[in-house]
Amino acid sequence: MHKFGMVALIGPPNAGKSTLMNTYLGQKVAIVSPKPQTTRNRISGILTEEDAQIVFLDTPGIHQLRGKMNRFLLESAWSALSSSDAVVVLIDAALYCAKPHLLEKEIAPLVKPISESGRPVLVAVNKIDRVKEKDKLLPLMARVAEMWPEAEYIPVSALRGKGTDQLMDRILSLLPEGPPMFPEDQISTAPMRFMASEIIREKLFYSLRQELPYSTAVEIEQWDEESRDDMIIVNAVIYTSRKSHKGMIIGKQGSNLKRIGTDARKDISELTGSKVHLEMWVKVREGWTEDPGFLRAMGLGE
C-alpha cells in the first residue's frame, strides 16, 4: 500500500511551520528567521519515502494585520486548505504558556474556517522545548482540546525533532492511497530561481533590523546555466519601498550587501550543487507593498 497526499501547514506567524517542513525533508526548503511573517509565498516541500509521498504546503502566518500585501498573504494561506488532504495547525506553546490570552486572540479565529474545510485536523503544540514551566503545558493542551474537540493534538519540538515521529505517524494515517506524483529526488515544486530569491530574502531578514526586512522584496532577473559550464550566473534585484532604506541595505562602502551576497551565494551553491556567481542591485520602488500588480508578479497571493 502506497500513500500520496498534500498536507497544509497552517498557523499564526512564527509558529514553526517552515521549521517543521524543513525538519521532515532533512534540508532547508523554506527560509526561516526569528522574525514573524518571514514566509510570504505558499511553498511546497516533497517528502518521498518507500511507502508514501507527502507534499507539505508551508503557508504564510495567519494574522490580523491590514494592507494589500497582508491580504495577499492570507489568501495564500487559506487557499492551501482547498488543495490539502489534511491540515496540521501549529501553535507556539512557549508563547501561549507565557501569554494565555493570546491563544483566544490568535487561535480561536482559525477554528471555524479550518473545521468547515472538512479536512482532518492535527494540532501540533510546538516549541515544547522552550517551555520552562512544564506544568503549564497541560492547561494549554486542555484549552486547545476545548477549542478544537474534533482535532488530535500532539506536543512537538520541530526544531529538536521531539514528537515529530508521532506526528508523522498520524499524518500518514490520514492520507489516501495513491502512487507518487513526483520524482523521488525532487524536494519542491518551486523553481530553483524562486528558491534562490528566498535565500537572499532570508539573509536580508538576518542582516536588517526591526521592520526594514518587511519593506524588501527580491526578484531574480537572470538565471543563466548556459554561458558557463562550471558556474550558474545569477543577477538579483532587491526592492525597497523607501529611499532612506537603500543605504541601510547596501551598508557602508557596500559592506552589508557584500555580506548578504556572500552568505546567499554559499546557500544557493549548496542548493544547486554548482558554483554560483551572484550579483545584486538595490532599487527603490515606493509603495510596492500596496501595488497589486507588483505583488502578483512577486508570486504573492493566488
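User: Hello! What sign does the phi of Gly273 have, just after α10?

Analyst: Hi! Gly273 takes a positive phi of about 70°. This is a predicted model, where local features need pLDDT of at least 70, side-chain atom pairs count only at pLDDT 80 or more, and totals for chains, interfaces and linings use all residues. Residues are numbered from 1 along each chain as its sequence is written, and side-chain values use heavy atoms, leaving out hydrogens and water.

User: How do you know what span to expect for α10?

Analyst: The expected span is 1.5 Å times one less than the number of residues. Helix α10 covers residues 255-272, 18 in number, and its first and last C-alpha atoms are 26 Å apart, close to the expected 26 Å. The label comes from DSSP: helices are runs of H or I with at least four residues, strands are runs of E with at least two, and both are numbered from the N terminus. The chain has 11 helices and 9 strands.

User: Which residues of α10 are called buried, and why?

Analyst: Asn256, Leu257, Ile260, Gly261, Ala264, Asp267 and Ile268 are buried. Each gets that name because its relative accessible area is under 20%, while exposed means over 50% and partly exposed lies in between (1.4 Å probe, protein chains only). Lys258, Lys266 and Glu270 are exposed, on the other side of α10.

User: What makes the buried residues of α10 a face?

Analyst: Down the helix axis, they fall within an arc of 140°, so they line one face of α10. The arc is taken from the directions between the helix axis and the C-beta atoms. An α-helix has 3.6 residues a turn, so residues three or four places apart point the same way.

User: What does that face pack against?

Analyst: The buried residues of α10 pack against α8 (192-207), β7 (216-224), β8 (231-240), α9 (243-250) and β9 (275-284). Contact here means heavy atoms within 4.5 Å.

User: Why are β2 and β6 called edge strands?

Analyst: They belong to an open sheet of 6 strands, ordered β2-β3-β1-β4-β5-β6 with mixed pairing. β2 (43-49) and β6 (152-155) each have a single partner strand, so one side of each is left without a neighbour in the sheet.

User: How do you know that β5 and β6 pair?

Analyst: Pairing needs at least two bridges found by DSSP. β5 (residues 121-126) and β6 have 4 bridges in the parallel sense, so the pair qualifies. Val123 has Tyr153 in β6 as its bridge partner.
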